[in-house]
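Work through the exercises below with the structure open beside you, and try each task before you read its solution.

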There are 2 protein chains.
Amino acid sequence: MPDPDGNLNVLSEDPLCAAVFLPNLNVPISPNEGHFIRSHFPAPQINASDWSLTVDGHVDSPLDLSYDDLLKMPSREVVNLMECAGNSRSTMQPPAEGVQWDNGAVSVSCWKGVSLKTVLDQASLKSSATDVLFIGVDSGNVPQAGTSMAYEMSVPMEKLLDEDTLLAYEMNDAPLPLDHGFPIRLLIPGWYGMASVKWLTKITAMDHPNGGYHELDYRFYPATDGKSDAEIERVSSLKVKSLISTPSKGNILQPGHHTITGVAWSGDGHITKVEVSTDDDRTWREAKLEEPSGTYSWQHWEIDWDAVNLGHSLLRSRATDSAGNVQPMLATWNFRGYQVNSIHSVPITVRKS
Amino acid sequence: MPDPDGNLNVLSEDPLCAAVFLPNLNVPISPNEGHFIRSHFPAPQINASDWSLTVDGHVDSPLDLSYDDLLKMPSREVVNLMECAGNSRSTMQPPAEGVQWDNGAVSVSCWKGVSLKTVLDQASLKSSATDVLFIGVDSGNVPQAGTSMAYEMSVPMEKLLDEDTLLAYEMNDAPLPLDHGFPIRLLIPGWYGMASVKWLTKITAMDHPNGGYHELDYRFYPATDGKSDAEIERVSSLKVKSLISTPSKGNILQPGHHTITGVAWSGDGHITKVEVSTDDDRTWREAKLEEPSGTYSWQHWEIDWDAVNLGHSLLRSRATDSAGNVQPMLATWNFRGYQVNSIHSVPITVRKS
């Protein structure tokens with residue numbers, strides 16, 4: 001069920017979850033109408049003039065900021081790749097419960113807003129504050145929890161004092177679109193998207209992590225027992241990953257010259273190498289890789305392929321980042337199906353038409 | 001969409017494809033209404049008294065046998081595990097096109113019929129015959145082929161002269177049910193099910209493989225190019241495999257003592273060992289394994305598990321056969337998604353209720 005404009009592949013309508021078609025990754029910045037969408041509840045319609053952002057908790061000067069207050073503060077722009085923590089979940093075996101994302105829950109935008117640090121400084125954060133809870137206007141019933149709740153998540157202070165962590169109000173020079181959190185969303189660059197709380201209404205500084213349903217849910221529950229939920233590693237920084245953007249799965253190609261294209265990224269540095277195999281993991285060739293354009297963006301790559309033999313081929317891409325992380329053939333299995341970064345494999349056929 | 005009686009999980013209604021629920025594998029013989037169904041075209045309603053079987057081609061004495069003719073011949077019974085070549089296809093990554101079978105396209109029946117050899121002897125097979133083509137009454141349009149056709153497949157002579165290869169007319173002491181090929185089906189024991197042609201109407205001895213759409217389709221197209229379709233290995237003998245029948249995926253178990261049960265089989269000998277891991281592939285323990293009960297059946301196994309820790313676990317089973325074949329963690333990828341025998345993994349949760 002594509003969206004009316006055909007920009008996205010809609011996987012769920014309520015809440016709205018919609019993925020990018022992979023050939024559309026071949027752009028420096030995703031257009032707003034082509035950025036993937038992952039909401040947890042129906043998008044709340046907010047009138048900016050009625051809205052305000054409360055800042056309270058472990059601060060000396062609680063704040064109540066209007067939309068205009070934020071627009072008047074010093075602004076900052078960050079080009080950021082956002083990926084849903086559950087992206088590529090459908091490729092994990094055995095399957096995990098949740099939205100069965102293919103590989104299209106990833107996009108890059110230029111976000112503009114106020115550094116969260118500016119606001120926290122203005123509120124005079126107490127030294128006792130270790131985490132900040134971000135609460136969205138969006139809410140609804142969560143059957144698994146047996147109750148209704150707002151979307152909320154706390155994030156440790158270390159990441160929040162980074163000037164690139166924004167209270168964002170613009171996406172590619174336009175006010176935030178409804179489905180991306182108008183009027184204000186949090187942007188935690190380099191992390192999976194679940195922490196970039198949309199439709200922000202309240203920020204509470206705390207002296208401990210908040211816990212709560214979604215904060216416990218977005219954890220890397222391993223395939224072994226014996227740990228309590230709170231002891232399990234939280235999903236945070238993006239894993240090294242690459243995707244083949246063209247050709248697409250199932251394409252029939254003419255014999256002869258082709259260019260295989262794609263993107264790669266990591267939350268743990270930039271990409272230093274992308275290799276491509278066209279012969280079932282036997283040989284790998286290094287692709288031509290774009291220089292890193294920003295700390296949090298993707299890098300495009302391409303490689304020539306002379307498809308001389310007729311028949312089937314499985315194309316694979318494998319990225320290495322500057323910290324030495326390499327994509328695995330099989331991502332580590334976990335109960336919620338997060339952080340899936342196994343090597344992307346695209347079956348195609350070479351046939352004379 | 002379960003069938004009206006709830007015995008099978010119906011994956012497709014036209015043609016009918018229906019899988020077994022795994023806890024129902026804990027029986028020596030699957031009941032007829034609980035045997036998986038894989039048809040390629042709508043099941044033809046055949047009146048046995050109007051039906052006959054033609055035997056022609058490279059034979060000296062062509063035959064036209066009635067249902068009664070076959071019932072009067074010497075009979076033979078074979079207990080046989082049948083598995084669809086596409087069983088577990090849905091667990092292969094990247095996905096392959098075709099019916100997205102989970103793991104339930106496997107069952108065991110006691111088949112009764114006439115040895116095919118008896119009929120071929122009666123027809124005085126010529127020494128020039130190398131393959132026999134089996135043609136079903138069932139037919140229909142095949143979009144991929146752009147034409148209408150009957151289901152048909154040729155099988156090499158070697159397997160056909162085995163006395164256990166039957167023209168079967170009974171399944172567990174009852175006439176063949178409609179969906180299993182009434183009045184007569186071929187039974188090629190130890191092979192994947194695609195060769196056991198249902199609703200047989202014609203047998204033609206040939207001096208070469210027939211080829212044809214389904215015969216070319218049921219091949220192990222690898223993830224590399226450069227071979228013509230006819231050079232690609234045909235799907236034939238069952239790969240070593242095991243399945244966990246209980247507990248089921250997603251089950252929530254009480255802490256304490258549990259028994260994990262399952263089945264295992266191979267077309268390449270009997271099963272010598274089944275190992276089970278409850279801690280994400282770190283340690284494996286040997287399960288208690290049933291003695292082989294027949295050449296072509298399955299062997300049940302079970303193992304005790306003391307679930308002391310709360311939380312998540314991934315249960316896995318791994319079989320070894322008497323030829324030394326061991327189930328792989330990742331089955332070899334192929335375009336049609338056949339012969340998937342990767343280690344079965346079942347996520348469960350241990351929680352006090």
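Two strands are said to pair if DSSP finds at least two bridges between them. Keep in mind throughout that the model is predicted.

**Exercise 1. A sheet of three strands**

Task: Find in which order the strands of the open sheet 1-2-3 of chain B are arranged, and which of them are the edge strands.

Solution: Begin with the sheet as a whole, in which 3 strands of chain B follow the order 1-2-3 with antiparallel pairing. Next, look for strands that pair on one side only, and you arrive at strand 1 (8-13) and strand 3 (37-38) of chain B as the edge strands. Then follow one pairing in detail: strand 1 and strand 2 (residues 16-20) of chain B are antiparallel and share 5 bridges, and within this pairing Glu13(B) has Leu16(B) of strand 2 as its bridge partner.

**Exercise 2. A sheet of four strands**

Task: Explain why one side of strand 14 and one side of strand 19 of chain B are left without a neighbour in the sheet.

Solution: First write down the order of this open sheet of chain B, which is 14-16-20-19, with antiparallel pairing among its 4 strands. Strand 14 (241-246) and strand 19 (288-289) of chain B stand at the edges and have a single partner strand each, so one side of each lacks a neighbour in the sheet. Now turn to the pairing of strand 16 (residues 256-265) with strand 20 (residues 299-307) of chain B, where 9 bridges join the two antiparallel strands; here Thr259(B) has Asp304(B) in strand 20 as its bridge partner.

**Exercise 3. A covered strand and its partners**

Task: Describe how the residues of strand 22 of chain B point, and decide whether they are buried or exposed.

Solution: In a regular strand the side chains alternate between the two faces of the sheet. Applying this to strand 22 (residues 344-350) of chain B, you find His344(B), Val346(B), Ile348(B) and Val350(B) pointing one way, while Ser345(B), Pro347(B) and Thr349(B) point the other way. For the second part, the cut-off for buried is under 20% relative accessible area, and 7 of the 7 residues of strand 22 of chain B are buried.

The partners come next. Strand 15 (residues 252-253) of chain B runs parallel to strand 22 and is joined to it by 2 bridges, whereas strand 21 (residues 311-321) of chain B pairs with strand 22 in the antiparallel sense over 7 bridges. Thr349(B) takes part in both pairings, being the bridge partner of Ile252(B) and standing opposite His312(B).

**Exercise 4. One buried serine**

Task: Locate Ser317(B) and list what surrounds it.

Solution: Ser317(B) lies in strand 21 of chain B, and its relative accessible area of 0% makes this residue buried. Among the residues in contact with Ser317(B), leaving aside neighbours within four places in sequence, are Leu243(B), Val274(B), Trp284(B), Trp301(B) and His344(B). Its side chain also makes a polar contact of 2.8 Å with the side chain of Ser242(B).

**Exercise 5. Where the chains meet**

Task: Describe the contact between chain A and chain B by its residues and its buried area.

Solution: Count the residues to begin with, and you obtain 32 from chain A and 32 from chain B. The buried area between the two chains is about 2600 Å², of which 62% comes from carbon and sulfur atoms. On the side of chain A that touches chain B, the elements giving two or more residues are strand 21 (311-321) and strand 22 (344-350) of chain A. Sorted by class, this side of chain A has 14 nonpolar, 11 polar and 7 charged residues.

Terms used:
Residues numbered from 1 in each chain as written. Chains lettered and ligands numbered in written order. Predicted model: local features only at pLDDT ≥ 70, side-chain atom pairs only at ≥ 80, totals over all residues. Heavy atoms only, no water. Buried < 20%, exposed > 50% of the residue type's maximum accessible area, 1.4 Å probe, protein only. Contact = heavy atoms within 4.5 Å. Buried area = accessible area lost by both parts, 1.4 Å probe. Nonpolar A, V, L, I, M, F, W, Y, C, P; charged D, E, K, R; others polar. Polar contact = N/O pair within 3.5 Å; in protein donor to acceptor, adjacent residues only side chain to side chain.
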